[in-house]
Amino acid sequence: MREKATYLLALLAAVVMIGNLHTIFTQLPDEAMQGAVYRIIFVHVPAAINADIFFTIALVTAILFLATKKFIYDSVTVACVEVGAMLTLFNLVTGSIWGRNQWGIWWAWDLRMTGQLMCFLLYMGYLLVRPAISEPTQRATMSSIVAIFAYADIPLVLMAIRLPNVRTQHPGPVLETGGMAPAFRGPFAIGILAMFLISAALVLVRLHQETAQREIDSLRREVHAR
Amino acid sequence: MSGLQAAWAIARKDLRTELRTKESINAAASFALVILVLFSFAFDLGREELYAISGGLLWLVYSFAGALIVNRGFAREVPNDCLDVLLASPAPAWSLFVGKAVSAFFLLMIVEAISLPVFGLFYNIRWMQNFPQLLVVILLATWGITVVGTAFSAVTVNVRLRELMLPVLLYPVLIPLLIGAMGTTTALFAGESLAGDNASSLRLLVGFDAIYTALAVYLIEYVLIV
């Protein structure tokens, strides 16, 4: 049942994504200033938004694990952090490609970019510490703590890089200011949805693997105990 | 015995052990000196350029030394199951943590007090001007390094490759603190005062210390008692 739901979700994600890509590449005109490369915005920004969504879910489930000690929350945390870290990396790479095309450089120590890179490094710490702890309860507890510390750091990093000696290069927000052409808004919103569906399907797959892994581990312990 | 008294007792115990054996303080102080020497080969700079990076140099040295010191914090209690005994004692987990953090703070301050004059001497930086303000920055940032470091030393105490894992987790979290400390220290070396832009960096340090002290004291119970 759950497997079927995952496949269904993935199928839905694929349909939405391909339909949206079709609109983006064949219906939408090139942007006046940037030409064709502006189309990165339809995956670049959705990746960042969805990464934030999944990191927030990971924070909530990390706290829930510490409060209840139920392993399902730990599995959700690791699944969300993995997918969130992947989305963050995707966001960094697509942004870098766009920057090379538009600015002529791959990277600038701009506040948004620095913040996003730090976010990636913080959650990589989470993913590195997990395999280093073998005892399951301890692994879940310690990594939940790391997830909470990582999330608490993000607002501080954003504050720190707003200090006066940091330059800004990243384009300003186009969403809140209404700077986006009406024709682009629909595909942009669908882009967010498509990215969310893909990520949710990946989270479900990882969750399934985590629970299976846990079952295998407990069976192995049972055999060893005999 | 109240929690704070217990914390002070643990801090005194740790400091006494350390000052008798001098195992981590000697290592950290010599490491700081080695790094200072290495930096002088890495950069061949004029006087103005040197002033522009002086704060960054100093805090890199301090944070490297800090990681060495906090690494020993809980690892010291692993042989002979001392950690279990400490946890079984009537002292609450948070006072164990605060005691460890305070002793690491004093040890790092000693290392910093040794390496600051050497730094001034090697790089011809006039660190004595604005010394009271510099001391405020050093106290705040050192507490930040030791409180986060001690929390992560508790997280990694039972982790494989502990010595490698601690820096991987610690430095990304310390980034906002280090950005603030480096900026203010550079400004103070250049003869500026803690007003205007530098005051906002100082507020960042205070905020970082407050948030992470609260978070660590609150979460340490989950870390130590699994």
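I count two residues as in contact if their C-beta atoms, placed from the backbone, lie within 7 Å.

**Confidence.** I am working with a predicted model. I noted its scores, ipTM 0.84 and pTM 0.86. For chain B, I found a mean pLDDT of 89, with 100% of the residues at 70 or above. I then went through the elements of chain B: helix H6 (residues 131–155) has the highest mean pLDDT, 94, and helix H4 (residues 82–88) has the lowest, 87.

**Thr185(B).** I looked up where Thr185(B) sits and found it in helix H7 of chain B. Leaving out residues up to four places away in sequence, I listed its contacts as Gly55(B), Leu58(B), Trp59(B), Leu134(B) and Val137(B). Is Thr185(B) buried or exposed? I put it down as buried, because 26 other C-beta atoms lie within 10 Å and the cut-off for buried is 20 or more. I also checked Thr185(B) against Leu121(B), 64 residues apart along the chain, and their C-alpha atoms are separated by 17 Å.

**Nonpolar core.** I turned to the largest nonpolar core, which has 125 residues. Helix H7 of chain B (residues 162–189) gives the most to this core, 15 residues. I noted the residues with the most contacts inside the core: Val146(A) and Ala147(A) from chain A, and Ala65(B), Val148(B) and Ala154(B) from chain B.

**Val146(A).** Which residues does Val146(A) contact, leaving aside neighbours within four places in sequence? In chain A, I listed Gly125(A), Tyr126(A) and Val129(A). In chain B, I listed Val155(B) and Leu169(B).

Notes. Residues numbered from 1 in each chain as written. Chains lettered and ligands numbered in written order. Predicted model: local features only at pLDDT ≥ 70, side-chain atom pairs only at ≥ 80, totals over all residues. Core = buried A, V, L, I, M, F, W, Y, C linked by C-beta atoms within 7 Å. Buried ≥ 20, exposed ≤ 12 C-beta atoms within 10 Å, placed from the backbone. Helix = DSSP H or I, 4+ residues; strand = E, 2+ residues; numbered from the N terminus. pLDDT = per-residue confidence, 0-100.
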